[in-house]
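Here are some short exercises for getting to know a new structure. Try each one with the model in view, then read the solution step by step.

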Amino acid sequence: MVEPAQGIDVPCRQWRNPKSVLLKKKKALQNHCPSPMTGESGILIGSQVFGSPLGGLKRRSPPVTPNKPVKRARELADITNAPSLEQVPRLSTDIPTDLSLKSKVRFTSQASFSWISSMGTKDEAAGVAAYVKGTPAVDEADNGIQAAFQKSLMVWMHPNLPFVQLYPRVESKLTAPSWPGFAQCKEVIDSLRTQWCNSFRSVFQQLRAGHCPYFYVCANNVTALFLSAGSGKDSKVVAFLTPTTSGLRQALTKEGIEFSFSAASNSNHAQVPVVPGDSDEALEDESAANSWLNSMGLLTNSAPAKDPKTIIIQQSRKNKIDGQAESIVKVEGPHVQGLFNYLLNCKVLVSTTGVYAGIPPTLLAPNAFDGATLQSLKYKHGTVQDHSGEKSVQMQCLDVSGPILPQNVQALCALLQRSQGNEFKANASCVESSTAFNNYHSSEPSSSPSVSVATDLVTCREIVCHNGLYHWS
């Protein structure tokens, strides 16, 4: 610290509190510019003050407005948070047709499912008989809603091995059979194979004759769906196969089976870099083909040529999605017979190791066929706590599990619409490999945008029925 020189008087100012200084300045400013509402400085008209003591015109300070970028950001935020047209639920009198397989469906409602407990042996027998004969199970006079419930739980399946879970096939949740020698017993495997071929022929013949609308072939690594003519939006027999690999598609091509590949014309997939080694081989093959055409007296310019790099990129796109849902293939018309013959003689569909060693694929159909076993879906009902709202609400629930076909979901929803007073909710667990069956069908425009009859194919994971109208997601 520098001390002042001796003999020089330095004035010493008194220290003042900064807050008191600011308070005095504020009061002085208020006295100098009184509020226009006091009436001392004049009359306020619009945004100007007239009649002030000085006779001048005073301007009010403009209101503080946010910056344009901030204001624009707020507007964009409001637009983004607003519900879009796709988020608005579409109401329909019927649920859409869903071709995907389901392993479990939970129905929840505020109304009780106690009527299921009153189902007796007579109702169960009436429901099974009505399903086999194809007749209605509900008698208005007898109020046979229990028989209709039993009818909606039935499905035909082959093969029938009670000691192995044939649907869905998840080896990680199963253990090998306790008794040895099943996979090594050639007589048992041949017997299962022979019976499965007979059942496969029977259900396919019923499909072609129009007696069966569809059926599924569920193997360990692939699932096939066969649709009869007119059952979907196609006027001829159609078959789907998913997921596929490049090896499986090449095998179909060698068998002369023509198919359409969903990812072949999909431009949303990213470009795959070209491998130099593959490019050189493609160029050598192209030059060899051109030299052969020249030796035959044909000009290569007259024939349309394709860039080898383009071929490699397209092939790489297909190989990139092997084993995924996008690798689904569609077979139509007379080539469906070729696909049936290929699956009938394909040994790759039957696993040689693991829990499912020697067991042929599972056949699922809504109609009876040779060798099929009539199976009933498992169900149980109780109560659950719904925590979706602000308060926890106790709801009645009904769980249905097993190989759930599209007809089962349609029948259960139609039944619960009457028994639960048009108020219920359904949550389904879909088999992911079968969700691709709905991708090849485009939705038809409806006459009414708000309430219509659902005709398009949608993978429904949640269905809500309110006042007799459905909306889904």
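**Exercise 1. Find how many disulfides the structure holds, and place C185 and C218 by their burial.**

Solution. Start with the general idea: a disulfide is a covalent bond between the sulfur atoms of two cysteines. Here a disulfide is counted when a pair of cysteine sulfur atoms lies within 2.5 Å. By that test the structure holds 0 disulfides.

Before going on, note that this is a predicted model, in which local features need pLDDT of at least 70, side-chain atom pairs count only at pLDDT 80 or more, and totals for chains, interfaces and linings use all residues. Residues are numbered from 1 along each chain as its sequence is written, and side-chain values use heavy atoms, with hydrogens and water left out.

Now the burial scale: buried means under 20% relative accessible area, exposed over 50%, and partly exposed in between (1.4 Å probe, protein chains only). C185 has a relative accessible area of 24%, so it is partly exposed. C218, at 6%, is buried.

**Exercise 2. Work out the strand order of the open sheet of 8 strands, and say which strands stand at its edges.**

Solution. First, the terms. Helices (H or I, at least four residues) and strands (E, at least two) are DSSP runs numbered from the N terminus, and two strands pair if DSSP finds at least two bridges between them. In total, the chain has 10 helices and 19 strands.

Next, read across the sheet: the order is 10-11-9-8-7-12-6-13, and the pairing is antiparallel. Strand 10 (260–261) and strand 13 (373–376) each have a single partner strand, so one side of each is left without a neighbour in the sheet.

Finally, zoom in on one pair. Strand 8 (residues 223–227) and strand 9 (residues 238–242) are joined by 5 bridges, with F226 opposite A239 in strand 9. The loop between strand 8 and strand 9 contains S228. S228 counts as buried because its relative accessibility is 8%.

**Exercise 3. Describe where helix 9 lies and what its buried residues pack against.**

Solution. Begin with position: helix 9 (residues 335–345) lies across strand 8, strand 9 and strand 11 (329–332), at about 120° to strand 11. Axes are lines fitted to C-alpha atoms, for helices over the stretch in contact, and angles run from 0 to 180 degrees between N-to-C directions.

Then look for burial: V336, L339, F340, Y342, L343 and L344 are buried in helix 9. Contact means heavy atoms within 4.5 Å. The partners of the buried residues are helix 5 (186–209), helix 6 (246–254), strand 8, strand 9 and strand 11.

**Exercise 4. Which residues touch the most other members of the largest nonpolar core?**

Solution. A nonpolar core is a set of buried Ala, Val, Leu, Ile, Met, Phe, Trp, Tyr and Cys residues joined through side-chain atoms within 4.5 Å. The largest one has 46 residues, and F107, F149, Y216 and I463 touch the most other members. Helix 10 (residues 406–419) gives the largest share of this core, 5 residues. A second, separate core has 38 residues, including W156, F261, V336 and L349.

**Exercise 5. Is N438 buried or exposed?**

Solution. First locate N438, which is in the loop between strand 16 (423–430) and strand 17 (451–452). With a relative accessible area of 6%, N438 is buried. Leaving aside neighbours within four places in sequence, N438 has contacts that include T97, D98, L99 and S100.
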